[in-house]
Amino acid sequence: MSFQAVADVSEVTADQPLAVEVGDLDVAIVLHQGEYFALEDECTHGKVALSEGDVEDGAVECYLHGSVFDLKTGVPRCLPATQPVAVFPCRVEGTSIEVDIDNPINSQAIQES
């Protein structure tokens with residue numbers, strides 16, 4: 001599939017995740033410290049939207065049980081989650097945010113979990 005436009009940069013506020021659909025997948029777009037991130041929008045523990053969570057220190061926190069996922073790796077930093085969320089390549093072309101859901105950055109970590 002490769003990169004697909006999912007949002008305009010004007011739609012994203014720093015440290016406030018934006019929920020978007022990419023094909024059949026829900027993705028959270030995060031602008032944190034000047035960098036865009038795209039990750040699967042479902043906590044691997046509580047099955048709730050990470051786009052509803054808080055962003056701080058390079059991570060997003062699930063609002064339901066407090067699992068914290070690293071924005072770059074998808075790896076949980078604390079319990080109760082033990083499985084990573086998928087993290088996808090994300091780029092800005094003009095004013096469009098583009099995501100490639102077919103090539104997760106952390107596919108090895110996901111397979112090992």
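Two strands are paired here if DSSP finds at least two bridges between them. Keep that in mind for the views below, which come from a predicted model.

**View 1. Strand S10 with its two partners, S1 and S9.** Strand S1 (residues 4-8) runs antiparallel to strand S10 (residues 96-99), and the pairing covers 4 bridges. Within this pair, Ala5 stands opposite Glu98 of S10. Strand S9 (residues 90-93) is also paired with S10, again in the antiparallel sense and over 4 bridges. To find your way along this second pair, start at Cys90, whose bridge partner in S10 is Val99, and then look for Glu93, which has Ser96 as its bridge partner in S10.

**View 2. The turn of the S9-S10 hairpin.** S9 and S10 form a hairpin with 2 residues between them. One to check on your own backbone plot is Gly94, which lies in the turn and has a positive phi of about 65°.

**View 3. A salt-bridge network around Arg91.** Side chains of opposite charge can pair when their charged atoms come close. Here, Arg91 forms a salt bridge with Glu98, with 2.7 Å between the closest N and O atoms. The side chain of Arg91 also meets that of Glu93 in a salt bridge, at 3.8 Å from N to O. How exposed are the members? Arg91 is partly exposed, with a relative accessible area of 35%, and Glu93 is partly exposed at 44%. Glu98, in contrast, is buried, with a relative accessible area of 14%. Because these salt bridges share partners, Arg91, Glu93 and Glu98 belong to one network.

**View 4. The salt bridge between Arg77 and Asp70.** A search of the whole structure finds 3 salt bridges, and one of them links Arg77 to Asp70. The closest N and O atoms of Arg77 and Asp70 are 2.8 Å apart. Asp70 has 17% relative accessibility, so this residue falls under the 20% limit and counts as buried. Arg77, at 44% relative accessibility, counts as partly exposed.

**View 5. The open four-stranded sheet.** Strands of a sheet pair through backbone hydrogen bonds, either parallel or antiparallel. This open sheet has 4 strands in the order S2-S3-S4-S8, with antiparallel pairing. Strand S2 (18-22) and strand S8 (87-88) are the edge strands, each of them pairing on one side only. S8 pairs with strand S4 (residues 35-40) in the antiparallel sense over 2 bridges. To locate that pairing, look for Leu39, whose bridge partner in S8 is Val87.

**View 6. The largest nonpolar core, around Val20.** This core has 16 residues, among which Val6, Val20, Val27 and Ile29 touch the most other members. Where do its residues come from? At least two are supplied by each of S1, S2, strand S3 (25-32), S4 and S10. If you centre the view on Val20 and leave aside its neighbours within four places in sequence, its contacts are Val6, Ala7, Leu25, Asp26, Val27 and Ile29.

**View 7. A second nonpolar core.** A second core, separate from the largest one, has 15 residues. Its members include Cys43, Cys62, Ala81 and Val87. You have already met Val87 as the bridge partner of Leu39 in the open sheet.

Terms used. Residues numbered from 1 in each chain as written. Predicted model: local features only at pLDDT ≥ 70, side-chain atom pairs only at ≥ 80, totals over all residues. Heavy atoms only, no water. Salt bridge = Lys/Arg side-chain N within 4 Å of Asp/Glu carboxyl O. Buried < 20%, exposed > 50% of the residue type's maximum accessible area, 1.4 Å probe, protein only. Core = buried A, V, L, I, M, F, W, Y, C linked by side-chain atoms within 4.5 Å. Contact = heavy atoms within 4.5 Å.
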